[in-house]
Amino acid sequence: MKVTFPHMGNMYICVKALLDDLDIDYILPPFTSKKTLEIGTKHVPECACLPLKITLGNLMEAYELGADTVLMVGGCGPCRFGYYCEMHREILHDLGTNMKVITLEPPHGDVKEFLRRIKNLTNNAGIFKILHAIKNATKIAIAVDDLERLTFKIRPREVEKGAVNEIYNQFKRDVINLKGSKEIIKFIEETEKKLLQIKTDESFKPLKIGIVGEIYTTIDDYTSFSIQQRLGGMGVEVHRYVTVSNWITEHIIKQTLKLPRDLRFAKAARPYLGTMIGGHAQETVGNTILYAQDGYDGVIQIYPLTCMPEIVAESILPAVERDYDIPVLTLIIDEMTGEAGYFTRVEAFIDLLHRRREKKQVEGKYILSGN
Amino acid sequence: MSKKIGIPRGLFYYQFYPFWKSFFEELGAEIVVSDHTSRKILDEGVKKCVDEACLPVKIFFGHVENIKDKVDYLFLPRYTSVSKKEYVCPKFGGIPDMIRNTLSDLPEIIDTEINLRRTEKNALKAAIEIGRYFSDDNKAIKKAYKKALISYREFRQQVKKGIFPGELLDNSANRVQNRNKQNFSPIYDMINIKNEDKYKNNEDKYSEDKCDDKCNGDRSEEDNNLFNGKNRINSNMKLNIAVLGHGYNLYDSYCNMNALYKLRNLGANIITIDMIDENIINEKSNLLNKKTFWYFGSKIIGCAYHLLDRNDIDGIVYVMSFGCGIDSFICDLVERAIRRNKNIPFIILTIDEHTGEAGMDTRIEAFIDMIRWRKKYESDISSHGKHVYMCQSSAR
Ligand code: SF4
Ligand code: SF4
C-alpha cells in the first residue's frame with residue numbers, strides 16, 4: 001500500500017510527519033503546479049469548486065508516481081468539502097486508476113472509533129505510538145503556522161527585500177527531504193531563528209490587512225497566487241485567523257474531546273449571520289468584524305467561484321463594511337483567473353487604503369489643532 | 001385587522017407553500033404571495049443580489065422586493081435542514097441574513113430556524129415559534145400545525161399523480177394572483193387547462209389510493225409507477241421523460257423558460273422527482289457509498305438510481321442552475337451512474353440569467369428528436385434482423 005494525500009498549503013508538512021512516525025509508506029504529490037490544475041480541470045465537473053480540481057490533480061500526479069491509496073478527511077456538510085472523498089473516489093474510478101480512497105471522518109465525540117480506523121491503516125501500531133504521532137503532528141502544524149505568521153510580520157519590515165522569501169521558500173522545499181517529526185521540528189526551529197535574524201526597519205508602520213474567506217484558497221499559496229507573500233513584499237502586514245492548525249485544534253481535537261472552543265468570531269458574526277451555515281462563512285463575517293475592531297486598515301476576502309458559504313458571506317460583508325467602516329475587497333478565484341488582472345485589483349485596493357490612512361491622519365491633526 | 005404575512009414565490013415555495021398557507025390561515029393571518037416570476041422580478045433580483053449567487057437565489061431576492069412593501073411580516077424561515085442527517089444548502093441556511101443585509105426598508109422578518117437534522121420533532125417547535133407572531137394560544141398553534149400537515153400531505157399526494165406543484169399551487173392558492181398571467185406563454189395556458197380537466201376527470205379514480213407519505217412502506221413499486229398501469233398519465237403520448245432537479249428550477253416556468261411544458265408539447269410524458277415515492281428514493285439513496293448530507297442530493301441520486309432500475313424511461317433531463325454548488329456534484333454523480341449502467345439518453349439543461357430561450361428550445365428539440373430517432377432506429381434494426389433471418393430460412 002502506497003498512501004497519498006492532496007495538498008493544502010503547508011499541510012503536507014504535518015501529514016508527512018504523521019505518516020513518517022507511523023511508518024506508513026506514502027508518496028508526496030508534487031507541489032501544485034499549472035499541470036496539476038490542468039489535470040483537475042479536465043476531469044472534474046466545471047461548476048465544482050476549485051479545491052476539488054486541484055486536489056484531484058494532486059492525486060493523479062501521485063498516482064503516476066505509484067500511489068494506490070488516497071487518504072482524505074471526510075465531513076458531514078453542509079458545504080461540499082465533506083463530499084470531496086466521494087467525488088475523488090468516483091472520478092478516480094472512472095479514470096480507471098483503481099485507487100482506493102480511505103476517508104477519515106471527523107470522530108464527533110467517538111474517539112475510539114477514530115483511533116481504530118487509524119490503527120487499521122498502520123498495521124496495528126500500538127495506541128501509544130498513534131497518540132504520540134498525532135500529538136507531534138499537531139505540534140508541527142502549530143509550529144508551521146507560527147512560522148508563517150512570523151513571515152507575515154517580518155516581510156513588510158525587512159530591509160533587504162526578498163530576505164524572508166528566500167529562507168521561507170527554501171524551508172518549504174527542503175522539509176520534504178527530512179524524515180520524522182523530530183527532524184522536522186528541529187528544522188522549523190532553525191528556520192525560525194534565521195528569520196528572526198533578518199534585519200528589519202522597526203520604525204516602519206505597515207498597512208495591516210486581514211485575510212478572510214474559504215480555507216483552501218486562503219491557505220494555499222499556489223491557489224491564491226501567493227497573495228500573502230506578495231502583500232508582504234508591497235509593505236503590507238497580513239494576518240489570517242484560519243489556519244491548518246486552527247482547523248485541527250478547533251474542529252477536530254476540541255470537538256472530539258468536547259473542549260470549549262474559541263468562538264469570538266461566532267459571537268461577533270451573530271448579528272449578521274445567525275448560525276453556522278457551513279464552510280467558513282461565519283469565520284469570514286466574524287473575523288472581518290474582529291479585524292475592524294483591532295484597527296486593521298482593510299480586509300481581503302478570497303474564495304473559489306461557486307463556493308456556497310462564501311457567497312452568503314459576501315452578500316453580508318457590505319453591511320459589515322458600512323457598520324464598522326472597514327474596506328473589504330473580495331477576490332474570486334477559478335482556473336481562468338489571470339494573475340495580472342487579479343493583482344491590479346489588489347494594488348488598487350492597497351492604494352485606497354493608503355489614501356484612507358493619510359486622510360485619517362490629516363483629519364486627526366486637524367481635529368487636534370482645532371482643539 | 002389581520003396581520004399580513006408575505007411569502008416569496010421562490011425556493012421552497014414549491015415544496016412547502018401548502019403547509020404554510022394552511023398554517024397561517026388557520027391562525028387568522030392574511031397571506032400575500034409575490035407575483036409570478038417575470039423579467040421585472042428577475043432583473044430586480046439580479047440587481048440586488050451578489051453576482052456569484054445562483055439564479056434561484058437571485059429570483060428569490062426579486063420576489064422579496066416584489067412584496068416587501070405590501071406586508072407586515074416577511075416570512076423567510078431559515079431552512080437549515082428539512083430531513084434527518086441532511087442539510088438543505090448553505091444558501092438556504094443563510095438566506096434571511098443575505099436578504100437582511102442586502103435589501104433595505106424591509107418589514108419585520110420571521111426567520112425562525114427550521115432544523116430537522118437531529119430530530120423531526122423540531123418542526124413543531126419551529127411552528128410554535130412562528131405561530132407566536134399571530135397567536136398566544138399554544139393549543140391553537142398546534143391545531144394549525146396539524147391541519148397544515150394534512151394539507152401538505154394532500155398536496156404531495158396530488159403531485160405524485162403527475163401534476164406539477166406550480167400548477168396545483170396556481171389553481172388552489174391565489175386566484176387573484178392568477179389574473180396576472182402575462183408571464184406565461186400560450187403553451188402554458190393550454191396545458192394548464194388541459195391538465196386541470198384531466199385532474200378533475202381522474203379525481204375519483206385516484207381517491208382510492210390516498211395514502212399517507214409515511215405509512216406506505218408496504219406499497220408495491222407498481223403502485224408508485226407513474227407510467228405503468230392505472231396511473232399512466234396519458235397513454236397515447238409516446239415518450240416518457242424523467243426530469244430531475246430542484247423544485248424551484250423545475251416548476252418556476254419563467255426560470256427554466258418553460259422547459260417542462262416544451263417537453264410535454266413535444267409529446268413527452270413527464271415524471272419529476274416529486275412524483276416518485278419518498279420511500280423508494282430513500283432506499284435507493286442509501287445505496288451510495290457515503291450518503292450525501294444534502295436533502296436535494298439524496299433525493300436526486302435516489303431518484304436517478306430508481307429510474308435506472310426501470311425500463312419505461314426514454315430519457316432523463318437534469319435541470320440545473322449554473323453555479324449551484326450541490327448540483328455540480330450531484331449532477332456529475334448522476335451522469336456517471338447513467339453512463340456506467342445504462343445507455344439512456346441524458347441531457348443537462350443549465351439555466352442562468354443569460355440563458356437564451358432559443359438555445360434552450362433547440363437543445364430540448366434536439367434531445368427529443370434524438371430519442372425518437374434512436375427508438376425508430378433500434379426497432380428498425382431488430383425488424384431488419386428478423387427479416388433477414390426469415391429470408392434465409394425460406395431460401396433453404
Ligand atoms: S468551502 Fe466552498 S470551496 Fe470549500 S469545499 Fe465548501 S463550497 Fe467548496
Ligand atoms: S441548492 Fe443550489 S440552486 Fe439551490 S440555493 Fe443552493 S446553490 Fe442555489
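**Close-up 1. Lys34(A) and Glu38(A) lie 4 residues apart in helix H2 (residues 34-43) of chain A, which means that about one helical turn separates them.** In this predicted model, the two residues Lys34(A) and Glu38(A) form a salt bridge, in which the closest N and O atoms are 4.0 Å apart. Side chains of opposite charge can pair in this way when their charged atoms come close. A search of the whole structure, taken over all chains, finds 45 salt bridges.

**Close-up 2. Helix H1 (residues 13-26) and helix H6 (residues 138-160) of chain B cross at roughly 145°, with axes that come within 8 Å.** Two packed helices are described by the angle between their axes and by the distance between those axes. The crossing of H1(B) with H6(B) is right-handed. On the side of H1(B), the residues that meet H6(B) include Tyr14(B), Phe16(B), Pro18(B), Phe19(B) and Phe23(B), while the residues that H6(B) brings to this contact include Ile141(B), Tyr145(B), Leu149(B), Tyr152(B) and Phe155(B). Sorted by the character of their residues, the two sides of the contact of H1(B) with H6(B) hold 12 nonpolar, 3 polar and 4 charged residues.

**Close-up 3. Chain B and chain A meet in a contact that takes 34 residues from chain B and 43 residues from chain A.** The area buried between the two chains is about 3,300 Å², and carbon and sulfur atoms give 65% of this area. Within the area that chain B buries against chain A, Pro90(B), Lys290(B) and Phe329(B) supply 21%, which is more than any other three residues. The size of an interface is often given in this manner, as the accessible area lost when the parts come together.

**Close-up 4. A salt bridge joins the side chains of Asp94(A) and Arg340(B), with a distance of 2.8 Å from N to O.** Across the interface of chain B and chain A, the rule finds 3 salt bridges, and it also finds 13 residue pairs in polar contact, with both residues at pLDDT 80 or more. On the side of chain B that touches chain A, the elements that give two or more residues are helix H4 (90-102) and helix H15 (325-341) of chain B. The residues of that side of chain B divide into 14 nonpolar, 9 polar and 11 charged.

Technical notes
Residues numbered from 1 in each chain as written. Chains lettered and ligands numbered in written order. Predicted model: local features only at pLDDT ≥ 70, side-chain atom pairs only at ≥ 80, totals over all residues. Heavy atoms only, no water. Axes fitted to C-alpha atoms, helices over the stretch in contact; angles between N-to-C directions. Left-handed = near helix turned anticlockwise from the far one by under 90°. Contact = heavy atoms within 4.5 Å. Nonpolar A, V, L, I, M, F, W, Y, C, P; charged D, E, K, R; others polar. Buried area = accessible area lost by both parts, 1.4 Å probe. Polar contact = N/O pair within 3.5 Å; in protein donor to acceptor, adjacent residues only side chain to side chain.
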